[in-house]
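Q: I should like to go through this structure step by step. Could you show it to me before I begin asking?

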4 protein chains.
Amino acid sequence: MRDKYIKVRAQSEKLCHPLKAEDYVVQPIVDVSPPKWHLGHTTWFFEKMLLEPYQKDYQIYHPEYNYVFNSYYETVGKRVLRTNRGNLSRPTVDEVYEYRSYIDEQMAVFFTTRASLSPEEKKIIEIGLQHEQQHQELLLYDIKYILGTNPLFPSYLASTPSLSTPTQALDFLPIKEGIYTIGHQGNDFCFDNELGLHQVFLHDYQIANRLVTNAEYLEFIEDGGYQNFRFWYSEAWDWVQKENKTAPFHWHQIDGQWHQYTLHGLKPIDPNEPVSHVSQFEAAAFAQWKDMRLPTEFEWEVACRNYQPTIPDAANFVESENYKPMTKSSDNYQFYGDLWEWTQSAYHPYPYYKTAEGALGEYNGKFMINQMVLRGGSYATPKDHIRATYRNFFHPHLNWLFSGIRLAKHD
Amino acid sequence: MRDKYIKVRAQSEKLCHPLKAEDYVVQPIVDVSPPKWHLGHTTWFFEKMLLEPYQKDYQIYHPEYNYVFNSYYETVGKRVLRTNRGNLSRPTVDEVYEYRSYIDEQMAVFFTTRASLSPEEKKIIEIGLQHEQQHQELLLYDIKYILGTNPLFPSYLASTPSLSTPTQALDFLPIKEGIYTIGHQGNDFCFDNELGLHQVFLHDYQIANRLVTNAEYLEFIEDGGYQNFRFWYSEAWDWVQKENKTAPFHWHQIDGQWHQYTLHGLKPIDPNEPVSHVSQFEAAAFAQWKDMRLPTEFEWEVACRNYQPTIPDAANFVESENYKPMTKSSDNYQFYGDLWEWTQSAYHPYPYYKTAEGALGEYNGKFMINQMVLRGGSYATPKDHIRATYRNFFHPHLNWLFSGIRLAKHD
Amino acid sequence: MRDKYIKVRAQSEKLCHPLKAEDYVVQPIVDVSPPKWHLGHTTWFFEKMLLEPYQKDYQIYHPEYNYVFNSYYETVGKRVLRTNRGNLSRPTVDEVYEYRSYIDEQMAVFFTTRASLSPEEKKIIEIGLQHEQQHQELLLYDIKYILGTNPLFPSYLASTPSLSTPTQALDFLPIKEGIYTIGHQGNDFCFDNELGLHQVFLHDYQIANRLVTNAEYLEFIEDGGYQNFRFWYSEAWDWVQKENKTAPFHWHQIDGQWHQYTLHGLKPIDPNEPVSHVSQFEAAAFAQWKDMRLPTEFEWEVACRNYQPTIPDAANFVESENYKPMTKSSDNYQFYGDLWEWTQSAYHPYPYYKTAEGALGEYNGKFMINQMVLRGGSYATPKDHIRATYRNFFHPHLNWLFSGIRLAKHD
Amino acid sequence: MRDKYIKVRAQSEKLCHPLKAEDYVVQPIVDVSPPKWHLGHTTWFFEKMLLEPYQKDYQIYHPEYNYVFNSYYETVGKRVLRTNRGNLSRPTVDEVYEYRSYIDEQMAVFFTTRASLSPEEKKIIEIGLQHEQQHQELLLYDIKYILGTNPLFPSYLASTPSLSTPTQALDFLPIKEGIYTIGHQGNDFCFDNELGLHQVFLHDYQIANRLVTNAEYLEFIEDGGYQNFRFWYSEAWDWVQKENKTAPFHWHQIDGQWHQYTLHGLKPIDPNEPVSHVSQFEAAAFAQWKDMRLPTEFEWEVACRNYQPTIPDAANFVESENYKPMTKSSDNYQFYGDLWEWTQSAYHPYPYYKTAEGALGEYNGKFMINQMVLRGGSYATPKDHIRATYRNFFHPHLNWLFSGIRLAKHD
């Protein structure tokens with residue numbers, strides 16, 4: 001566990017390596033947090049949840065950091081309003097890294113001063129690491145937002161992106177009607193929202209063998225998809241009109257040609273690449289235009305387990321270091337990695353779901369309204385973080401995450 | 001069908017009978033529409049959807065009324081923004097009633113000039129009447145809002161409310177796990193959102209034998225329910241704090257005693273009466289405080305069909321003319337009438353659901369995001385309007401509707 | 001004084017005579033008040049300021065009316081928020097008229113039960129009548145707003161408007177530099193903001209012999225006035241862009257021709273008529289485009305007293321019953337009546353100005369920030385209400401009042 | 001002139017010396033700009049206004065910097081919205097300093113490649129330097145805002161503040177009634193808003209011999225000044241209630257004692273020091289509570305010229321390096337330096353004022369609405385930047401500037 005701790009903590013800092021000090025500070029929209037806040041908040045989690053209650057004579061690093069780095073835990077006191085994170089120039093980036101070092105040293109002491117960890121301690125560390133991995137993804141979303149909305153369009157990576165190959169034909173994978181089991185089984189880690197193992201009945205359905213590509217999405221754009229209310233939910237149509245939407249987030253039309261801001265900089269749209277940075281509103285409208293629909297989260301989970309029982313080697317996670325979604329390869333249905341896939345399921349508790357006690361009980365349950373489930377992970381997800389049962393969730397109008405579209409239909 | 005037309009149309013006007021001209025005009029919040037707008041809009045529906053396309057040489061009543069009385073149908077042209085309905089003093093109430101008379105006369109002509117109605121004509125008239133019945137309910141919500149937020153607290157009804165009887169003990173009705181069929185069967189009318197007959201698997205569960213009462217809800221209030229974030233979704237807690245919520249809508253504390261504005265005027269809280277005017281946020285928080293939950297819409301439908309296969313005579317609908325929720329009586333589980341019951345199900349399409357063509361296709365499908373399902377009808381619902389499969393839906397923070405709480409649990 | 005009381009009170013009701021009950025109720029924007037609120041508020045003023053403190057054993061008409069009809073007097077208790085006035089359907093129009101009758105009867109008793117009025121009583125009655133005259137003007141602004149923004153464009157008046165005659169050439173009236181006296185002199189009524197008689201030094205200047213006409217303003221529009229930031233204050237330019245302004249309020253382009261909603265209905269623009277419904281932003285931009293400026297309130301007062309020592313018979317006030325601004329006639333420089341004239345003076349206290357004690361002290365002084373002075377009265381002003389020293393004031397972006405433009409320059 | 005250029009430019013960088021890179025980036029409210037934006041914008045001014053049009057073959061430094069660093073000049077193209085300045089992490093602080101170096105080198109070339117400067121070139125350089133001096137003041141306001149609203153309350157200065165001495169008794173300086181000349185005379189630099197030399201008539205008045213102190217302002221607070229509407233303009237009272245104001249900006253009550261964030265860190269209130277960080281609303285309310293008033297800008301200018309014909313040595317400017325307002329000393333009436341003094345004059349053009357041609361014409365005139373004049377400079381003002389005729393202006397609710405109160409009265 002100590003090895004995993006060291007590895008996960010190092011990865012957060014690695015992801016921030018290409019940043020300038022200034023990039024760590026800004027918060028262009030409420031959903032984006034400053035990178036230095038992510039680095040501090042994930043560190044605070046170990047201090048507040050583990051070291052403070054469990055490490056004897058633990059000395060708090062700074063009396064104000066609980067206020068500065070708490071995110072939303074009502075149980076553990078007041079916190080900086082989310083909208084104000086980008087107003088805080090202090091603590092500086094260096095001070096945040098010093099805070100990280102201090103906590104890492106204290107964690108080293110924690111690991112070495114006890115023969116073995118109690119189950120409760122193990123659980124907290126595990127959640128702390130899973131939590132930091134989640135923030136690693138958010139870090140990349142937020143960094144991409146910060147750089148991609150800057151008029152200078154600076155690149156995050158100096159390297160040239162990996163080449164795109166022609167994609168495979170869109171095909172549909174059938175699943176037979178029946179009773180299926182949903183939810184996490186086994187003893188390895190999962191979040192509480194995956195628990196409540198239960199059965200669902202599914203009717204016959206078919207699910208796409210890959211993600212929708214940029215070329216396919218461009219057809220929707222060129223067919224007037226963003227100008228025709230018929231494809232959109234009523235709230236989505238209001239959003240399209242209020243925000244003057246004409247394309248996914250990070251798309252820019254330059255001299256009549258569509259470009260996309262990528263972590264490698266501003267590039268012409270790659271037709272073979274899966275379309276990314278779509279909201280659930282856009283994903284659902286695209287499906288409606290195709291006279292199809294998005295899968296439910298249950299359909300997704302059953303299909304994933306059936307057609308991709310283990311994670312394929314070709315799956316494109318953060319360790320692949322592509323930093324972009326890739327074209328489907330022969331043995332990969334893209335259920336895992338590349339892009340989070342919007343479903344048509346609202347994020348609700350499973351039967352038998354129980355909220356955990358204490359501050360950790362605030363982790364998932366309180367968000368189970370007005371959000372939609374996404375499945376499968378993205379090119380920013382650590383490979384050991386994802387599972388077929390993993391439930392991610394965002395409000396349906398959001399599009400700065402690494403999200404994509406998989407189609408489904410009944411016949 | 002002509003008889004039903006006459007009956008439904010007369011009922012809308014009967015509901016407005018106690019109003020002063022001024023009460024027809026105002027729109028205190030965006031969700032409330034002026035009563036005269038409801039009267040005009042339901043009339044416009046017949047003109048625009050039936051008379052204009054199907055009645056030969058039909059003469060439109062007024063060229064601007066399509067603009068004034070369209071609600072949200074993008075297919076049929078521009079419309080007054082919902083927020084501006086309360087700014088229109090014209091057409092006057094008398095002019096709206098003249099418009100109703102004109103359309104009713106034209107409908108009489110329509111019925112008499114043809115030997116039989118085509119299936120399409122029948123369907124539109126049926127939807128027009130169902131639509132008007134839905135607006136009859138909204139009329140009562142809106143009238144109650146308009147009068148109940150006026151500092152003079154005028155009564156809608158001069159009569160004394162029917163007496164309240166002691167309620168029956170809270171008990172739970174069990175349902176066995178298994179595959180159940182959901183959705184409308186048979187040939188009588190239903191909305192498209194009830195179609196897509198399909199199966200669901202339900203685990204063992206128990207559902208309350210009646211609605212939660214004011215006395216039970218008061219315990220929640222007095223136990224600090226509105227001051228403790230633990231019972232609330234994160235968005236709900238923001239709502240409680242921003243709106244300074246301490247009780248359901250229409251409740252007022254006067255000299256230390258809770259009162260409720262009712263259609264009979266401002267009255268002390270009746271402990272036996274079902275609690276009403278709760279948002280889904282409040283319903284879910286109450287259930288969380290009880291360590292239970294709300295039923296899913298599937299659990300509700302299965303339990304309703306099992307325990308109340310037909311609508312009981314005691315069911316409290318608009319025809320009962322109680323104009324308030326009633327105490328549970330011996331043979332009535334309150335699935336039907338009294339109050340719409342919040343579920344924990346988001347309003348999503350059933351499998352196989354298809355949006356209808358044309359303007360009527362905008363009726364339901366485009367609202368299938370960010371809303372929650374309610375079931376069973378209320379004391380403002382016409383008895384012939386409701387079914388076990390009927391799906392009502394509202395945003396979870398809304399509380400001016402006639403909504404209540406039924407508890408569920410797994411064991 | 002009793003005669004004046006009867007006359008002024010009757011005039012308020014006369015102005016409302018053409019209204020339907022519904023027109024009395026709505027409040028389309030925060031600056032507009034429902035006509036029935038004006039009728040109640042001016043009545044409440046006599047009850048609260050005179051009858052309650054000065055009439056022995058006076059019986060308050062209704063305990064809630066102080067809350068409903070107080071406008072902004074902090075001294076006399078809570079009040080309905082200005083934005084909520086249009087949400088109140090009760091008291092009804094009939095009830096408001098009953099309230100007026102009751103107060104008028106009580107005032108008759110008041111006048112008859114005392115041999116003579118005390119100076120304090122006289123002063124309050126005088127202010128009450130002046131106050132009601134001010135609201136008579138607002139009534140017409142607000143009625144015009146309510147009817148003129150309705151998609152049916154109903155007329156306020158059935159009559160045909162008086163004919164327009166060709167206007168006289170624009171000319172400039174010179175004033176020599178020197179020390180001039182500003183403020184009210186004599187013993188007749190004035191508001192406290194006119195007191196603080198004092199001297200100002202004015203340099204040589206010239207002031208227009210009439211108001212700017214629609215034809216002249218159209219040249220500004222057609223020269224791209226609303227598209228060129230150079231003519232506008234920075235805040236004004238933001239307003240133009242945010243509100244998409246292209247013409248004065250109540251102007252509508254129909255089939256390529258400019259129309260204006262008038263109290264006689266929607267009419268083509270009359271080129272000879274003074275331009276009305278301009279904000280101070282528009283007045284100042286027009287003057288800038290002409291390479292001139294607006295007069296200061298001191299320049300206006302001195303020129304008015306010099307060139308029009310008495311109110312000319314041709315002055316167009318509410319008693320003229322034109323209900324619109326008129327073309328300049330030979331002996332009339334239009335200082336009085338027609339339209340309020342925007343100045344370039346902020347509304348500030350005169351030297352020696354003292355706020356009055358008590359509730360009446362809130363009448364003027366507390367508005368002396370961020371507002372601009374207008375002078376001279378309009379076609380909605382009662383003739384006995386206006387003076388050369390009268391200071392009206394509004395925020396510079398407002399344009400629903402009956403406002404116009406007079407140019408000035410230094411050489 | 002070249003020496004002045006070097007000196008002024010160096011001073012901007014000196015003021016930023018104590019900052020961390022992160023402090024240069026944030027924009028906590030719309031009125032505050034990121035320090036790196038100030039450094040870039042003042043540099044862009046020389047590039048855009050001088051080098052680009054006047055230096056032959058001048059090579060623009062970066063094609064996007066015109067967009068990034070333009071503030072409000074409509075004449076010279078699009079610009080980053082003021083609210084978005086704090087979202088830009090790039091250009092980095094180092095890159096902004098490189099931009100400064102490049103422009104400074106180009107300016108060196110500019111100075112050396114011509115025998116003498118044309119009048120137009122001289123004028124632009126002069127305005128560019130005055131402009132940079134204005135931004136030096138804003139820099140200190142904004143730095144104080146950024147650090148003073150950070151929960152860690154970091155100090156700007158490591159040094160100990162200079163000691164406070166007991167203040168002198170409040171006294172009043174009389175001015176006799178008469179005609180006085182207002183506006184800039186002579187050939188040295190002034191802004192266009194000081195031109196339009198003209199006469200005003202002033203009545204007898206008296207003006208305070210020093211600024212209001214913290215001790216005096218505390219009496220107002222303790223007398224319930226922030227709880228009593230009578231002292232406030234109506235808009236000011238709304239502001240007090242909406243913002244929950246109970247003290248000037250940067251004041252904090254800690255364990256029952258008032259503290260103030262200063263550039264030396266968080267300190268207990270110094271009773272002898274002039275009260276600072278008051279809005280015009282607060283200044284006017286304080287004066288009203290004292291039964292006095294603020295001076296007009298004309299009264300201020302005449303009194304300043306009369307009682308302090310030359311700037312006293314004791315005047316506290318940025319060169320004094322106190323970085324805080326000081327107690328009045330014997331020969332100093334504090335007209336100059338310490339704190340900008342709110343007047344009761346709206347910022348309007350003087351008679352004969354003409355807007356300059358071209359982009360520089362946007363410098364002052366377009367702000368002449370809804371703002372109030374301040375006079376005299378502050379401890380952040382360069383000594384050679386100020387004059388008795390200098391007109392500063394801000395909206396009356398703003399309080400992050402270095403503003404104070406001087407009382408006036410008529411007798």
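A: The following turns deal with the chains, their contacts, some buried residues and the salt bridges.

Q: What should I know before reading the values?
A: This is a predicted model, in which local features need pLDDT of at least 70 and side-chain atom pairs count only at pLDDT 80 or more, while totals for chains, interfaces and linings use all residues. Residues are numbered from 1 along each chain as its sequence is written, chains are lettered from A and ligands numbered from 1 in the order in which they are written, and side-chain values use heavy atoms, with hydrogens and water left out.

Q: How can chain A be laid on chain B?
A: A turn of 180° with a shift of 0.0 Å along the axis lays chain A on chain B with an RMSD of 0.0 Å. The two copies are thus related as by a two-fold rotation axis. The superposition is by least squares on the C-alpha atoms of residues with pLDDT of at least 70 in both copies.

Q: How many residues does the contact take from chain A and from chain B?
A: It takes 40 residues from chain A and 40 residues from chain B, where contact means heavy atoms within 4.5 Å. Of the interface residues of chain A, 100% are also interface residues in chain B, so the copies meet through the same surface.

Q: What area is buried between chain A and chain B?
A: The area is about 3300 Å², and carbon and sulfur atoms give 55% of it. Buried area is the accessible area (1.4 Å probe) that two parts lose on being put together, summed over both.

Q: How many polar contacts and salt bridges cross that interface?
A: There are 14 residue pairs in polar contact across the interface of chain A and chain B, both residues being at pLDDT 80 or more, and zero salt bridges. A polar contact is a pair of N or O atoms within 3.5 Å; within protein, one must be able to donate a hydrogen and the other to accept it, and residues adjacent in sequence count only if both atoms are side-chain atoms. A salt bridge is a side-chain nitrogen of Lys or Arg within 4 Å of a carboxyl oxygen of Asp or Glu.

Q: Which element gives the most to the side of chain A that touches chain B?
A: β3(A) gives the most, with four residues. Helices (H or I, at least four residues) and strands (E, at least two) are DSSP runs, numbered from the N terminus.

Q: And what of chain A and chain C?
A: No contact joins chain A and chain C, and their closest C-alpha atoms lie 14 Å apart.

Q: New topic: is helix α8 of chain B mostly covered or exposed?
A: Helix α8(B), residues 280-289, is mostly covered, with eight of its ten residues buried. Buried means under 20% relative accessible area, exposed over 50%, and partly exposed in between (1.4 Å probe, protein chains only). Among the buried residues are B:F281 and B:F286.

Q: What covers them?
A: The cover of the buried residues of α8(B) includes α6, α7, β8 and β9 of chain B. Just after α8(B), B:D291 takes a positive phi of about 60°.

Q: Where is A:N193 found?
A: A:N193 is in the loop between β2 and β3 of chain A, and at 2% relative accessibility it counts as buried. The side chains of A:N193 and A:N364 are joined by a polar contact of 3.3 Å.

Q: How many salt bridges are there over all chains?
A: The count comes to 76 over all chains. In one of them, A:E341 pairs with A:R406, the closest N and O atoms being 2.6 Å apart. A:E341 lies in strand β8 and A:R406 in the loop between β11 and β12 of chain A, so the pair ties together parts 65 residues apart in sequence. Both A:E341 and A:R406 are buried.

Q: Any others?
A: B:K14 and B:E321 meet in a salt bridge of 2.5 Å, N to O. They are 307 residues apart, with B:K14 in helix α1 of chain B and B:E321 in the loop between α9 and β8 of chain B. At 44% relative accessibility, B:K14 counts as partly exposed.

Q: Lastly, how many disulfides are there over all chains?
A: A search of the whole structure finds zero disulfides, a disulfide being a pair of cysteine sulfur atoms within 2.5 Å. The sulfur of C:C304 is 16 Å from the closest cysteine sulfur, in C:C190, too far for a bond.
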